[in-house]
Every structure is written in C-alpha cells, then in structure tokens.
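Colleague: I'm new to this one. Can you walk me through a few parts of it?

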Amino acid sequence: MRYPQTFIDDLRRQADIVRVVQDYVALKKKGSNWMACCPFHKEKTPSFSVSPSKEIFYCFGCHKGGSVFNFVMEMERVSFPEAVKIIAEKSGMPLPKLQEDPRFEARQNERDEIIQLNTWALEWWQEHLEESSEAGFARQYLEQRQIELETQKLFRLGYCPDSWDALTFFLKRKGASQAQIERSGLVVKREEDGRIYDRFRGRLIFPVMDVQGRPIAFGARALNPDDTAKYINSPETAVYVKGRNLFGLNLTRDEIRRQEYAILVEGYLDLMIPYQQGIRNVVASLGTALTLEQVKLLGRFARKVLVNYDGDRAGVQAAKRAIEILLAEDFEVKVLVLPGNLDPDEFIRKFGGIEYQRRRGEALPHIQFVIDQAVRDRKLSNPAEKEAAINEVLPYVRAVRSKLQKREYFEIAMDTLRVGDQGLRRELWYSVRSGLAAGGSFEPRRVFDKPTVAEERLLELLFADKHVRQVILPRLSPEDYEELPTTDLFRAIISLDAAGTEPTFESVNALIPAESQATELLPMLLISEAPEAVEVDERLLFAERCISTLRLMKVCRRIDEVKAELADAQRANDEQEVAKLANEQIELERLKIALLPSAEVLQMVS
C-alpha cells in the first residue's frame, strides 16, 4: 500500500516548508529566503537556507538539501511514508486511503517478512547467549575479548545453537512458512538433495542493523577451531545488499554528526571495544573493501574520516583503497596506523582508551600516509624505485577535488620524494591536473571533480529563466557538458524543456540517477539566486560567456594534455608524433585566443 501520487503532490504544494522547518530551527528572513545555523552540523555562522518559493532547503556548509520531505526524514530519521504522515499532520491535511500497488506491495511484504524473521531469530539467539549451557564457549570468548555484558546487550549479540534445524523449527512455530524461511537467508538449501539446514549453527552472532536499528543481516564467528571459515555472513536478500551498510552506524550516527568526523575501522570488535571505552564516533566497514555506497551513507553524517585499519600489509592496502574512494567523494581523510600493527581492538585492550585517543590526535594526513608507504622498502637513490614511488603516490594527489589542496599535496609529495628538477615537476603536475597517468594514458574518471562557477552560474540561469532556456539550450552541444560533474543536470533540463515541463526540484530530481553527484548539487543550484540583470539581454550575454568559459576550459585542458604527451614523444625520439602534437598545440592555442574575448568570466573557473 502507498499514498496516491496526487496526494503527495498536493501535500508538497500545501506544506509550508518555512513553517515546518521552524518547528526544528529558529529561522530569520534574509531577502527572499530564510536563514539559520544548520541543524545537521555544528556552526557559528548561519549557512542553512530555506527557499519558500522553490520549496527547498540547502546548507552551504554540510551540503545537505532537498524538499520538505527530505528535511523531515533527516531530522526525524524516518522513512518517506512516515515523513508524509508528519508533514500532513503539521499541514492539517487528512491522510487519504492507501492505494494498492501489487509490485510495491510484494517487495515491501518480502522486506517486512525478512526483518520479522531476522528479529525473531535474533531474540532467540540472544536468549541462548545469555542462558544456554551450550553458549558457554561463546560467553567465555566474549569475556576473553573483554566485551562487557552491557555492550553485548547494546549490540544485541547472540549465539546460534549447533543444530541442523533448531532455528527452522523455532521460526515455523512462530508462524513462518518454509518459503519465507528460505528467502530470509537464515538457512542454506543443499543442491544435492534439497535439504534445508541452519546457516549459522554453533557460532557467535553479530547482527547488522540498518540506520533505523532493524536487523537486516548477520555475521557469525566460529568458536570451534576446526571450522575452516572464521566468519560467515548473510547472503544478499530483499533487505540486505553487500557494501551498502556500515556496522554500528545506528548507534554512533549522532556522535559522528556531533563531532563532525568518523573513525572508520574494519571489524566488529574494532568498533565495539572503542565504543565500550566511550569512543562513540566509530563505524566499521564490515570487514570488506569500502564501497562507494558506504561512503555516500557516511557522508550523510560527516565529511571528515579517520581511517584506522589493521597495520598489516592487507590492512594498509585496504586503507589505501578506502582513501581513494573517500577523496573522490570530497572527504577530508586522515590515517591512523597503530604501533606493532595492532588493530583498534587489540591496542585498546592493551593500552587503554586514553592512549588510543592520544594516538588518534597524531593521525597522519592521507598524503603523508601514502608517501610513507610508497618509500617503505624503497631507496630513492635508485631511479627505478624512485619512479615506482612517484607512480604510487600521484593517484592520491590526482583524486583530491580541491585544486588548492591538490597543488599543496603535490608539492609535499615532490619535496618528500626528492623531485628537484623543475621541468620534471612541471610535467608531473600536468599529468596530475589533466588526469593523465604517469605513462601518459587516461584514467577512467571525469575531467572535472568539482563543478566550476561557470557551470553553476549557467545552470542557475537555466533553472531560473525560461527565456534563457529557449535561447541557450539550442546552442549547447553534448561536447560542452558531457565530461562535467553536472552532466546529469544539463541532460535533465534539456529533457524537461523538450517536454515543456518546468525544471523544479522534484521534476529534475526524478531524472537524476540516485548515485549521481548531481543529487547533491541540485538543491544548491536551485536555492541560489540567479545573477541580477536589468534586462534579459544581459542574462543571455552572461549565459553565453559561461558557455565560452566552459569551452575555453576544455581547450586549456587539452593543451595541458598535449604538453605532457609531447614531452613523452620527445623523450622517445618519436619525430612523427612530435610533429603531430606540435601542430595540434598550435591549433589549440589559436582556438584559445579566439575564445578568450567571449570568455570574460574566466575568473569564475575555480
């Protein structure tokens, strides 16, 4: 069952976003918008803005934004249907009868069933851990690992009896069907004879909760030394997809938001032991390589991360992979490597939480960590080893979005790696700026990591002015925007314009892929005021200059690439390639000169 879309649309129009937000935040009027200190992160200067005319909010500090539904979902930490109920009550609109949607109902019913079965199983396992004699080994293990009883209950640890079908019989007594039990992932079906048996038998259970605290999956640790697999985990189900959740986030999200940074660890105990010591801004990546979905989830609560993985070779490699993903999503990243290659669990049990906090304060900026790893076991006096170290470090400079930080990190890397030759430094900087790998080949990533001001201003004009859309959109070609972070926004505006539909938050958002960077940019662009102009002609001229600036940027980027490629060709004594690239460089310089007069907003590139 779901609410009719017509009701959702009416409620969106009827709900006064200013009045709803004022129930949570003290707003003050500023121009056509309302401002306040952001409720989602700590700040002293107001950067949280609400636009009643556009029916959206946006924080220029933490970059959260969206509709009144997004605001209530974030503040109340509720689902969309629950947010609808809250807003309807605040707006005095009676809720309509729910509509039937067979496909939606089937999916929702399956999710509800699995969560119910997981809840029953978890309660049963918790009882066994606390009371059964069979679970004595599990209790002894937790005591050895110094997991206190209060912590065990808080994280809802359990023990699954060492039986082929005890859980299955228990769930059937609770009313679950065989098909429901099989869909839950709590059992395994043997291919040879179709026999069903309990998946986690004889193991200590660590439940994985979603942000709302509902059990969606489980990790199970072996207690028998003869078991070949130390941990086994739930398979993917209707409620659980690997790589989309973070262990402990349901308990630590408020502290992460309060402190404005998260400590990222690998395993269950690496989170539970610090938490037990009062370190509450921790999340665990569930023992797997950090994924983009996990990073986006974490980004809802903080934009700074301290990576504290194991100090062994596998842990270092996992940390480096995590750094790349975090940098690509514009996180500020530090790395903590504990002495003796200890993980957080071992270190705190040995030295205590106060010493851990002291070490945490000495965490390295990501670039220093990467450089330290690159020069380990290498001699910079050896040209081949020095080149290998440089090639290992540069991708982590290239991944940084901020141009200022990227340049500073580059200079730190070059100084530390003893690259003194200015010509070589210029060549390497070209490769970093242009996205070229050391060998001259392109990395598969977007050209610009952050939208330039030219993009933002052009999009603001296109959103705000129908006449500008009518004149400017036909002049845009896919080559002007396809390699930009705002590609999905340009595509959406063009599609809506062709359909004769106004580009609002809802209409544009419906056309943007959920994983697109544009989902974060959209509320910021909509809430910004378009550049003021006395006449429409001035707006059109401004838009045309933005387009020229984007084209000029593309030409300048290609010039940088050609310079790097030309240097490679000259070192290789490839006269034919040198001549070809030299001619291309001349043509590009001519095109650059031709574009300069019309790109009078070049200073907007940042």
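Modeller: Sure. Keep in mind that this is a predicted model.

Colleague: Let's begin with helix α25. Which of its residues are buried?

Modeller: Ala518, Leu521, Leu522, Pro523, Met524, Leu525, Leu526 and Ile527. That is eight of the ten residues in α25, which spans 518–527. The helix is mostly covered.

Colleague: Now helices α1 and α4. At what angle do they pack?

Modeller: About 50°, and their axes are 11 Å apart. α1 covers residues 5–14, and α4 covers residues 80–91.

Colleague: What do we call that arrangement of α1 and α4?

Modeller: Oblique. The oblique class takes in angles from 35 to 65 degrees, so the pair belongs there.

Colleague: Is their crossing left-handed or right-handed?

Modeller: α1 and α4 cross in the left-handed sense.

Colleague: Which residues meet there?

Modeller: From α1, Phe7, Ile8 and Leu11. On the α4 side they meet Phe80, Val84, Ile87, Ala88 and Ser91.

Colleague: Why would residues three or four places apart point the same way in a helix?

Modeller: An α-helix has 3.6 residues a turn, so such residues point the same way.

Colleague: On to strands. How many bridges join β12 to β14?

Modeller: Three, and the two strands run parallel. β12 is 262–265 and β14 is 304–307. One partnership there links isoleucine 263 with leucine 306 of β14.

Colleague: What stands opposite leucine 306 in β15?

Modeller: Lysine 334. β14 and β15 (residues 332–335) are also parallel, with four bridges.

Colleague: Through which helix does the chain cross from β14 to β15?

Modeller: Helix α13, residues 313–328. This β-α-β crossover is right-handed.

Colleague: There's another sheet, with β6 in it. What is its strand order?

Modeller: β6-β9-β10-β11. It is an open sheet of four strands with antiparallel pairing.

Colleague: Which strands stand at the edges?

Modeller: β6 (158–160) and β11 (231–233). Each has a single partner strand, so one side of each has no neighbour in the sheet. On average, neighbouring strands of this sheet are turned by 35° against each other, direction ignored.

Colleague: How many bridges pair β6 with β9?

Modeller: Three, in the antiparallel sense. Glycine 158 stands opposite isoleucine 205 in β9.

Colleague: Last topic, glutamate 587. Where is it found?

Modeller: Glutamate 587 is in helix α27, residues 575–595.

Colleague: Why is glutamate 587 called partly exposed?

Modeller: Its relative accessible area is 46%. Partly exposed runs between 20% and 50%, so glutamate 587 fits.

Colleague: How far apart in space are glutamate 587 and isoleucine 559?

Modeller: 9.7 Å, C-alpha to C-alpha. In sequence they are 28 residues apart.

Note on methods. Residues numbered from 1 in each chain as written. Predicted model: local features only at pLDDT ≥ 70, side-chain atom pairs only at ≥ 80, totals over all residues. Heavy atoms only, no water. Buried < 20%, exposed > 50% of the residue type's maximum accessible area, 1.4 Å probe, protein only. Pairing = 2+ DSSP bridges. Right-handed = clockwise from strand over helix to strand, strands pointing away. Axes fitted to C-alpha atoms, helices over the stretch in contact; angles between N-to-C directions. Parallel < 35°, antiparallel > 145°, perpendicular 65-115°, else oblique. Left-handed = near helix turned anticlockwise from the far one by under 90°. Contact = heavy atoms within 4.5 Å.
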